[in-house]
Structure formats: structure tokens, C-alpha cells
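Q: Could you take me through the salt bridges in this structure, one pair at a time? I am in my first year, so please explain the terms as you go.

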Amino acid sequence: MNRRRFLAAAMTGAAALGANALMRPAASLAQGASSPSPIDLRVVSRTIEVHGRSARVFGLLQPDGRHGLILEAGSNFDVRLANEIGEATMIHWHGLTPPWHQDGVPDNPKPLLKPGDVARYTFPVGAGGTHWMHAHTLQEQNLLAAPLIVRTAADLARDEQEVVVLLHDFSFKPAEELLAKLKGGGGHAAPMDHSAMGHGGNSHQPATTSQATASDLNDIDYDAYLANDRALDDPDVIRVERGGRVRLRIINGATATAFTIETGSVPGTLFAVDGRDVEPIVGTAFPLSMGQRLDIRLSLPEGPGAYPVLALREGASERTGVILATQGASVQRVAGSAEHAGPIVELGLERKLRALHSLPVRAPDRRFALTLTGRMQDYTWGIGGADDLRIRKGERIEVTMRNASMMSHPMHLHGHHFQVTAIDGVSLPGAVRDTVLVPPDAAVTITFDADNPGRWPLHCHHPYHMATGMMAQLAYEGIG
């Protein structure tokens, strides 16, 4: 793949034609397990309501209107994807590890799917987990994303209710206009002073918002923040049982917003990140950057009640979320702004995470040192040291990413799962995942086994950063 062509394709916009009815992901997730024929999945335009206004957005629907996919672990992924919008697109299966040519990245190696075209994808689903699918273009900004849940037999046997929450940031402005404003200097103030930052170096505690300017945390102020297509003025209210157990599958599908998940009066047990099991951690606040997923288990009280699960915007008071409510419970309005700003999303939790199933102990065959760079003046981002990331099948690969820029970067590797093996030079048997946050002044080391030949993107999951240069390729030897 030509890097210039990739970046150009990634800037495909978010204009939509036509409309479908409002659709609620949590209430209508699609079941696609054990189907003897392909699952039909349609890229469509649809209409939702945001703060009382009609908004045209994209969606990924089955013919009966159900949103996304639910599959069985160990089954075959067999999907027939139809592009029914008036522009080219491509869908990436985030969290799965398909063969390179079915990964869903423009011109890597397949071109964008033209309007009216249909493509079939077939490969092993793999292990269970909370995943998602989304456009690998700026169309993601216009909600071209959906859950992709893979259930195991153990998942199905558990006595618990599953609730999927897909988070978004939403703007009535097209993605191209937002990007033009960023490139014209409209998205950021002057470069910040890192000396007071609490989320780099060896800090283990969240920094306060006084330690970083809001513009360094969020380069776009959105019109709304959504959970399952809804803001808190009209939230998704999900019926739950008194004293029941709930499994939250939370996906941060936002384009440029990190959140802290707050479970309020009911402590949650975090037991998986990016679809991979970790040693359980109990808490009421869990950071979640773009592209990442959290599986959190709640044990609800025996009596009636309503239990908001909220996502608080990093460094700001805006929030979104869903409300879990028992039958007959009084559901109070939850304000869209909190009384406090959301904490900075940093590496405190990442340092504590421990994989339940670590990579086998083995010395790396190749090591790469990368530097994440950026200039706010013209909104240009990059990855230093990434000109020749050649690897060979069967090797153990170690990549250290140091962030020399003023913004955090959730770094996503396609085609593989990696283990976080060091933070700021301190070794640890961290989580196995596919997207890890690298805050300013921090260094994160990931390790993976090269077992899936191709030319695999490694990029920031802030699509505006990716589209303006923060994308590299790890290329297997022998792949043209």
C-alpha cells in the first residue's frame, strides 16, 4: 500500500444521502451466529434525533434493521457487505484478526467499496470478546460504526444480562469542515507547557484539569456526546432485574473524545479490555480512550432502582450514558453536564492491568523505537522511526512508542493482539489488547508474535491524527 494513498483514502468524508428510521443499538443488536449462509450487512444512511434536531448519519444494519453483529467464538465470519450510500467506503473489523486482504483498510490492499458494490468477507472469528466495526475513513465521525460481539459458550451459560454501550461524539458539521478548521489552527491554542502535566513520566494518579489546557485534551468541541445514538436528554433506558447481574460491554467509538466510565452507586468489576481477559479490578471509575473497550460486571441491589452508567468527557463537564432501571423504578433526569470536569485519561489503570493469559516468555527477535510527533500550527502528525518496520513470520516483535507531542494518542495495531510489557521503561505483564493509550511524555512498550502476514497499519485511533500523518505500517518480509 502507498502511504500517501492510504492517508488520502482515510480522509473520505461523512456526507450522507437518504434516511432510515431511528435505531437503538443496545435494544436491537443483531444475532448472526452459526448461519449456514452469509450474513447480509448494509452500509446505510439513517436519521437520528440529537438534542431535538434531526441528523442524518450512517449505520451498519442487517436487512431487518438490527444493528451490528453477534457471533459465536470459534465460528466462521461470513459477511456480505453492501454499500448502499452514495459514496465509497470501507469497513474495518476492529478486534478481529482476519487475513490481511480482508482487514478493511482502503488500498491495503483492496480499494474502497464503491456505491452499489458488494464484498464478501470469510475468515475464522477467533476467540470471544467485545469488538466493533467501523469505517476506516473520516466517515467514522458520522457514526459509521457498530458493535461486533463474539460470545463464548461460557458467556452464554452465565446468569447475567448483557448490555452493549457504543459511545460517540457527534457534530452537525461535516468531518471535512472540522478537519479544515483543525488544519487552519482553529482547533488548538498555543503549545502547552508539559512541566506541570500529571499524566506522563512516572505519575500513577490522574492529573487534574488545571494541569493541562482543555485544548490539549480535546481538539474538537462537539455538538453532542452519545451512548447508543442518544444524548442524556433522551437516554437509552434499559430494563434490568432487581438483584440481577449485568455485563456491560462498553465501546468507545468516539472519533476524538476519551471518557471516564462512571458506574455511580454500584461498584463495577472490570474483567476484560479490548476483548481480552484481565485480572479483575473493582472500582466505580474506569478510563477509556478511543477505539478501546471495557467489559464491566455489575451486581445490582435487590430493591427497585435506576442506575446511570455514565461516560464523562476528558477534561470537561459534558457526559453521556445509559440508565439501567428495574421495572417500576422512578427514572430521574440526568443532566448532560456534570458538576465536575472529567479526569485526564492516562496510564494509572494501564499500570495495574494484568493479563489472565500472557504471551509465552520469549526474548524479542526485533525491537523498534518509535516517536509520536505533531505540530499544532498546521495540524500535522507523524511517527518517527517508522520508515522500515520489516518483520518476519514467527518472530517476537517489541515496539516502544514514545510520545513527544502535546496530545495523547490511542495507538492501534491491526491484525494482531499485543501485550503491554513496559510503561516508562518499567517492565510489567500488562494487558493483552489491540489499542493502547500513549500520553504526552510517556513511553509504552508492546510485544506481539508475528503470526499474520501482511502490511499492517499501526496508527493513532484519533482519525484526524491518522488522516494527517500518524500512521505507519509493519510489513512482513515477502509481502509486496
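A: Here is a friendly walk through the salt bridges, with a short stop at a cavity afterwards.

This is a predicted model, in which local features need pLDDT of at least 70 and side-chain atom pairs count only at pLDDT 80 or more, while totals for chains, interfaces and linings use all residues. Residues are numbered from 1 along each chain as its sequence is written, and side-chain values use heavy atoms, with hydrogens and water left out.

Let's begin with the idea itself. Side chains of opposite charge can pair when their charged atoms come close. Here, a salt bridge is a side-chain nitrogen of Lys or Arg within 4 Å of a carboxyl oxygen of Asp or Glu. Searching the whole structure turns up 30 salt bridges.

Take Arg-80 and Asp-40, whose closest N and O atoms are 2.7 Å apart. Arg-80 belongs to strand 4 (residues 76-83) and Asp-40 to strand 1 (residues 39-50), so this pair ties together parts that are 40 residues apart in sequence. (Strands are DSSP runs of E, at least two residues, and helices are runs of H or I, at least four, numbered from the N terminus.)

How open are these two partners? Buried means under 20% relative accessible area, exposed over 50%, and partly exposed in between, using a 1.4 Å probe and protein chains only. Arg-80 is partly exposed at 34%, and Asp-40 is partly exposed at 29%.

Next come Asp-155 and Arg-158, which meet in a salt bridge at 2.6 Å, N to O. Asp-155 is buried, with a relative accessible area of 14%, whereas Arg-158 is partly exposed at 31%.

Arg-230 and Asp-234 form another salt bridge, at 3.0 Å from N to O. In this pair Arg-230 counts as buried at 12% relative accessibility, and Asp-234 as partly exposed at 39%.

Salt bridges can also share partners: Arg-151, Asp-155, Arg-158, Glu-162, Arg-247, Arg-249 and Asp-295 are joined into one network in that way. You have already met Asp-155 and Arg-158 as a pair.

Now for the cavity. On a 1 Å grid over the protein atoms alone, a cavity is a set of points where a 1.4 Å probe fits but cannot get out, and lining residues have an atom within 4 Å of a point. Grid points are joined across faces, edges and corners, and a volume is the space filled by probe spheres set on the points. The second largest cavity has about 110 Å³ of space. It is lined by 14 residues, and those closest to its centre are Pro-287, Gln-292, Glu-346, Glu-350 and Arg-433.

Methods
On a 1 Å grid over the protein atoms alone, a cavity is a set of points where a 1.4 Å probe fits but cannot get out, and a pocket is an open set with protein on both sides within 12 Å along at least five of seven lines; lining residues have an atom within 4 Å of a point.
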